[in-house]
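Student: I am new to this structure and should like a close look at a single part of it. Would you please set that part within the whole chain before describing it?

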Amino acid sequence: MCGIIACVGSDDAVDTVLTGLKNLEYRGYDSAGLAIQNGTDLIVRKRAGKISDLTGGFARELPQGIAGIGHTRWSTHGPPTDANAHPHTSASGDVAVVHNGIISNYESLRSELAEMGYLFTSDTDTEVIPHLVERYLDAGFDTDGAFRKTIERLEGSYAIALMIEGEEAVRAARQGSPLVVGLHDDAYYLASDVPAFLEFTDEVIYLEDGDMVTVESGSLSITDVAGNPITREIDTVDWDPEETGKGGYEHYMLKEIENQPESLSNTIRGRIDPEEPAIHLEGFPRGCFSDVSEVHFVACGTSYHAALYGARLLEEANVRVRVSRASEFTGRIPDPAGTLVVPVTQSGETADTLGALRQAGVAGARTLAVTNVVGSTVAREADEVLYIRAGPEIGVAATKTFSSQVVTLTLLAERLKQDVDGGDGRENLGTLLRDLSVLPDQIEEVIRTSRAEALSSNYSDRDAYFFIGHGLQHPVALEGALKFKEITYEHAEGFASGELKHGPLALITPGTPVFALFDGKHDDKTHTNAKEAQARGAEIIAITASEGTAAFADEVLVIPDTHPDLSGLLANVQLQFVSYYTARLLGRPIDKPRNLAKSVTVE
Ligand code: M6R
């Protein structure tokens with residue numbers, strides 16, 4: 001959802017900005033650009049297309065300098081053209097700006113500036129920013145004053161980085177869109193997300209809404225919009241820069257699928273004791289949820305499917321639970337004092353989820369964020385945080401973070417069950433935790449033995465693909481279909497098994513692949529409904545630990561036997577492979593599917 005990067009004091013700003021842009025390309029990839037201060041001039045290069053189009057197009061004429069800003073775009077206002085690419089500049093060319101977010105009052109600002117004679121050359125909301133800065137510079141304000149006056153006029157969400165001709169400094173401001181500072185000796189970095197500069201430094205400052213920053217070589221100052229100095233803590237990030245590279249894989253998605261044994265081991269490390277049996281969730285001891293009578297999950301996309309999984313676990317244990325798509329959350333919470341609102345979000349920056357979290361806070365409910373990104377906005381704004389510890393995920397298609405979310409929610413659900421229904425929580429827990437402790441090895445086994453690549457080549461020419469499951473397999477079926485449509489661009493739908501006969505069965509024609517998920521507990525409906533589809537010409541691909549269950553199926557993807565509450569995670573790895581290999585056969589740009597971005601920071 002647009003990525004911004006800036007640096008000051010690095011030896012070669014072009015190289016640093018381009019590295020940052022490549023690391024941030026998962027946030028948007030329809031156009032890119034940079035501005036470099038080369039000692040005398042502010043030089044801007046930008047164009048529609050990927051970062052490689054930018055570097056290829058200007059390979060021999062990229063400027064040298066020690067300060068720069070860059071941007072990779074996911075369009076909101078205006079199509080992906082050279083003119084709409086960032087940085088945007090003032091009419092004189094003396095002010096260059098990159099921006100992530102949406103300026104909601106840009107139309108009135110644009111009319112005002114146009115009437116004053118400022119000429120606009122793009123369709124973007126962003127372009128009002130450099131013109132406003134120039135307007136205040138023209139009115140006699142110094143750079144800081146002009147930037148501050150500009151920020152006071154903006155409504156909406158923004159992370160902005162700005163450079164002025166002749167100054168080896170970057171100014172930035174944050175309101176509602178993420179912005180992080182990186183520090184290393186005399187050099188400073190500013191970016192939408194830590195992976196942008198992780199190979200240069202692991203020392204970071206997470207900025208807050210309302211913060212304004214100026215960085216020059218060897219100096220950093222943070223103030224509020226009125227200019228009062230602010231002190232922010234320096235954190236050390238424990239992500240390894242290697243984790244953000246492709247590590248020899250053709251695609252991030254494949255790397256991240258195959259990283260699941262390791263990422264899941266991190267998720268459960270120190271949190272489970274199968275022998276006791278006990279769960280140790282840092283910050284959430286036994287009894288901490290004793291005042292909770294209802295749980296309300298809010299999430300989007302893949303995270304919504306993980307939330308459905310967590311909710312089903314609670315429902316089966318008789319805990320009152322609701323799940324809302326964050327974009328549909330009404331903010332109505334009948335019993336705020338007894339309700340725990342749980343936003344589930346990998347990035348911690350999804351605008352819809354953040355909006356729901358804020359509404360829950362206004363309603364007076366206790367909020368607990370389940371997220372992957374330390375220091376993200378959701379992590380900072382929720383009352384409490386539980387991290388899924390999956391490590392950085394770069395591929396736009398969420399894979400390893402779904403597994404880590406589901407496992408984290410499984411542990412949270414066990415703790416909630418103990419506290420809400422007052423039981424000792426031991427029934428079933430030992431078996432669950434024992435099976436959980438070997439889940440990373442079982443995923444490794446699926447990775448080693450999966451037949452998904454061969455199977456995909458038999459099915460890559462169909463008109464539609466269906467995924468069905470009952471109980472805990474229903475959210476996995478929805479997730480399988482989302483992944484499939486997202487990266488193959490083929491029509492795919494996920495259904496609760498029993499729903500097929502209430503309408504979707506009309507879509508089944510001879511040869512339609514139906515992926516049917518079996519977990520040994522919720523199988524009867526899936527069995528019956530898969531056979532009904534098969535009788536109408538569908539080809540059934542069963543995903544199961546029991547070949548007997550699947551004797552009727554046309555194809556089988558086998559998974560190891562485990563606790564029924566965990567079986568969906570193994571099935572999901574098979575489905576991730578099916579999506580990946582089908583998309584590869586179809587020649588799709590797997591890590592950057594069209595029209596999408598990793599982190600959706602607009603509503
Ligand atoms: O960062 P979040 O988990 O809040 O993102 C929510 C969705 O945008 C995200 O899960 C999306 O559906 C996935 N990229 C799909 O693979």
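Tutor: Of the contacts in the protein chain between residues at least 6 apart in sequence, 71% join residues at least 24 apart, where contact means heavy atoms within 4.5 Å. The model is predicted, so local features need pLDDT of at least 70 and side-chain atom pairs count only at pLDDT 80 or more, while totals for chains, interfaces and linings use all residues. Residues are numbered from 1 along each chain as its sequence is written, and side-chain values use heavy atoms, with hydrogens and water left out.

The secondary structure amounts to 17 helices and 26 strands (DSSP runs numbered from the N terminus, with H or I over at least four residues for helices and E over at least two for strands). The chain is as compact as a globular protein of its length, because its radius of gyration of 25 Å is close to the 25 Å that the globule rule gives for 603 residues (taken over C-alpha atoms, the rule being 2.2 Å times the number of residues to the power 0.38). The C-alpha trace spans about 80 × 55 × 40 Å along its principal axes. Of the 603 residues, 61% count as buried, that is, under 20% relative accessible area with a 1.4 Å probe and protein chains only.

The part chosen for the close look is helix α4, residues 128–138, which is mostly covered, with 8 of its 11 residues buried. The buried residues are Val128, Ile129, Pro130, His131, Leu132, Val133, Glu134 and Tyr136. Which elements do the buried residues of α4 pack against? Two helices, α3 (106–115) and α5 (143–153), are among them, together with the strands β5 (88–89), β6 (95–103) and β7 (156–164). After α4 comes Gly140, whose phi is positive, near 105 degrees.

Elsewhere in the chain, an open sheet of 8 strands with antiparallel pairing follows the order β3-β2-β4-β1-β10-β9-β11-β14 (two strands pair if DSSP finds at least two bridges between them). At its edges stand β3 (42–48) and β14 (235–236), each with a single partner strand, so one side of each has no neighbour in the sheet. Within this order, β1 (residues 3–8) and β10 (residues 187–191) run antiparallel and are joined by 4 bridges. Ala6 stands opposite Leu190 in β10.

Methods
Buried means under 20% relative accessible area, exposed over 50%, partly exposed in between (1.4 Å probe, protein chains only).
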